[in-house]
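Let's take a walk through this protein chain, starting with its overall make-up and ending with a few residues worth a second look. Keep the picture open as you read.

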Amino acid sequence: MGDSITYVGLDVHKDTIAIALAEAGKRGEVREYGKIANTPSALKALLAKLARGGSALRFCYEAGPCGYIIQRQLTEQGHACIVVAPSLIPRKPGERIKTDRRDAMNLAKLHRAGELTAVWVPDQAHEAIRDLVRARQAAVRTLRQARQQLSGFLLRYGHHYNRPAWTLMHRRWLAGLQFEHAIHSIVLEDCIAAVEAAKARRDRLEAHIEAALLDWSLAPVVRALQALRGMALVAAATLVAELGDITRFDNPRQLMAYLGLVPSEHSTGATRRQGGITKAGNGAARRMLIEAAWSYRFPARISRDQLLRQEALAKPIRDIAWKAQERLCRRYRKLARAGKLPTVVTAAIARELSGFVWAIAKLVPPTHG
């Protein structure tokens, strides 16, 4: 194989892949190659044709619904391939024409210039765990919607439960409700059945997550993160499944930026303006940290459940978790006294909590079996 490099841009769709080639060098030719079917055999034939030129091949394509199958196939064949973050692809403001051919050529050109940002590609075992926790997140959304539909139905007919809902007492209260029309009782029972089915699905998936951790290389990191307040097993597993190997971030600031928990900024000259958080990166991981941050509005203490989670952990990890409690609980009260909105306070706490997550992950490298 020669020293020359050919950059290959792939615009991937369900059925087809548009291909463009960019020769190495600032003034190297950029040309359309054509389209192939999105199948392993067609991709293999493409590799055989492109390899005849003797150049090293550098592939890229946008992250999307087609996943990482193409990246894995190309890597197994010995070719470099990156999966690109679509939101970070440079785009010209005046462009009003978008076609598969142009997208592929643009990817090849930008890949050659080194202006593309690659996403982290999980291995197949990690991706399976991530699919499992995302299925659990979908079940939680379904349960919430089912409960909202039931509450909305009861509200329309003047039935209010003025105590904490979704308890055993609430379920008994629902069973005792009566309506003027028998059809409304049928609707009520259907809504209750939908809530119970969604709850059973959520609980079933949580049990599967707990069982799947036994064979996962990042299970030690999940166990260690449970030392933190607000980080039960499912929350910690979701966070690690979404973030992957946290040690790939060189410092906690990179992790905070990846999670979209840093303030946005629009500054020019001597004027500096900061706005709300950027909300870039992984939304599911950010949401888990926000949920955990709410628990720091209470005074610092180690609950019985947290103590049980910490018993088998090393002292340095327990020390970081207690340091996080002391700092974040104090910080929460300070920001609240300053008159900050609760949502703003919680976002600030979540940002600092991600720093402690990074510190603990650094102490517990993943196992490789």
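A word on vocabulary before we start: helices here are DSSP runs of H or I with at least four residues, strands are DSSP runs of E with at least two, and both are numbered from the N terminus. By that reckoning, Lys362 sits in helix H13, and we'll come back to that lysine at the end. Bear in mind that what you see is a predicted model.

Now for the whole chain. Count through it and you get 13 helices and seven strands. The C-alpha trace spans about 75 × 55 × 50 Å along its principal axes. Of the 369 residues, 41% are buried. The chain also brings distant parts of its sequence together: among contacts with a separation of 6 or more, 62% are between residues 24 or more positions apart.

Let's turn to the sheet. Strands of a sheet pair through backbone hydrogen bonds, and they can do that parallel or antiparallel. Here, five strands make an open sheet with mixed pairing, and the order across it is S3-S2-S1-S4-S5. At the edges you'll find strand S3 (30–37) and strand S5 (80–84), each of which pairs on one side only. Going from one strand to the next, the twist averages 25°.

Look at one pairing in more detail. Strand S1 (residues 5–12) and strand S4 (residues 56–62) run parallel and are joined by six bridges. Within this pair, Leu10 stands opposite Tyr61 of S4. Then there is helix H2 (residues 69–76), which lies across S1, strand S2 (16–23), S4 and S5. Its direction is at about 170° to that of S4.

Follow the chain out of H2 and you reach His79, in the loop between H2 and S5. Is this histidine buried or exposed? Its relative accessibility is 13%, and since buried means under 20%, His79 counts as buried. Leaving aside residues up to four places away in sequence, His79 touches Leu47, Leu57, Phe59 and Leu74.

Next, the interior. In soluble globular proteins, nonpolar side chains tend to be buried together. The largest nonpolar core in this chain has 55 residues, and the members that touch the most others are Trp216, Leu225, Leu228, Met231, Leu239, Ile246 and Leu289. Several helices each supply at least two residues of this core, including helix H4 (124–156), helix H6 (182–212), helix H8 (233–243) and helix H12 (315–337). Which helix gives the largest share? That would be H13, with ten residues.

To see how such a core is knitted together, pick Leu239. Setting aside residues up to four places away in sequence, Leu239 touches Leu225, Met231, Ala285, Leu289 and Val357. There is also a second, separate core of 20 residues, with Val12, Ala42, Leu50 and Tyr68 among its members.

Two of those core-building helices are worth viewing as a pair. Packed helices are described by the angle between their axes and the distance between the axes. For H4 and H8, the axes come within 9 Å and cross at roughly 130°. That angle makes H4 and H8 oblique to each other, and their crossing is left-handed. On the H4 side, the contact involves His126, Ile129, Arg130, Val133, Arg134, Arg136 and Gln137. Val234, Ala237, Thr238, Val240, Ala241 and Glu242 do the job on the H8 side.

Now for some backbone oddities. Trp166 isn't a glycine, yet it has a positive phi of about 65°. You'll find Trp166 in the loop between H4 and helix H5 (168–175), and with 31% relative accessibility it counts as partly exposed. Lys279 isn't a glycine either, and its phi is positive at about 55°. This lysine belongs to the loop between strand S7 (274–277) and H10. Lys279 is exposed, with a relative accessible area of 57%.

Finally, back to Lys362 in H13. With 37% relative accessibility, Lys362 counts as partly exposed. Where does a long jump in sequence become a short one in space? Lys362 and Thr247 are 115 residues apart in sequence, but their C-alpha atoms are 5.8 Å apart. Not counting residues up to four places away in sequence, Lys362 touches Thr247 and Phe249.

Definitions and conventions: Residues are numbered from 1 along each chain as its sequence is written. This is a predicted model: local features need pLDDT of at least 70, side-chain atom pairs count only at pLDDT 80 or more; totals for chains, interfaces and linings use all residues. Side-chain values use heavy atoms; hydrogens and water are left out. A nonpolar core is a set of buried Ala, Val, Leu, Ile, Met, Phe, Trp, Tyr and Cys residues joined through side-chain atoms within 4.5 Å. Buried means under 20% relative accessible area, exposed over 50%, partly exposed in between (1.4 Å probe, protein chains only). Contact means heavy atoms within 4.5 Å. Two strands pair if DSSP finds at least two bridges between them. Axes are lines fitted to C-alpha atoms, for helices over the stretch in contact, and angles run from 0 to 180 degrees between N-to-C directions. Angles under 35 degrees count as roughly parallel, over 145 as roughly antiparallel, 65 to 115 as roughly perpendicular and the rest as oblique. A crossing is left-handed if the near helix is turned anticlockwise from the far one by less than a right angle, and right-handed if clockwise.
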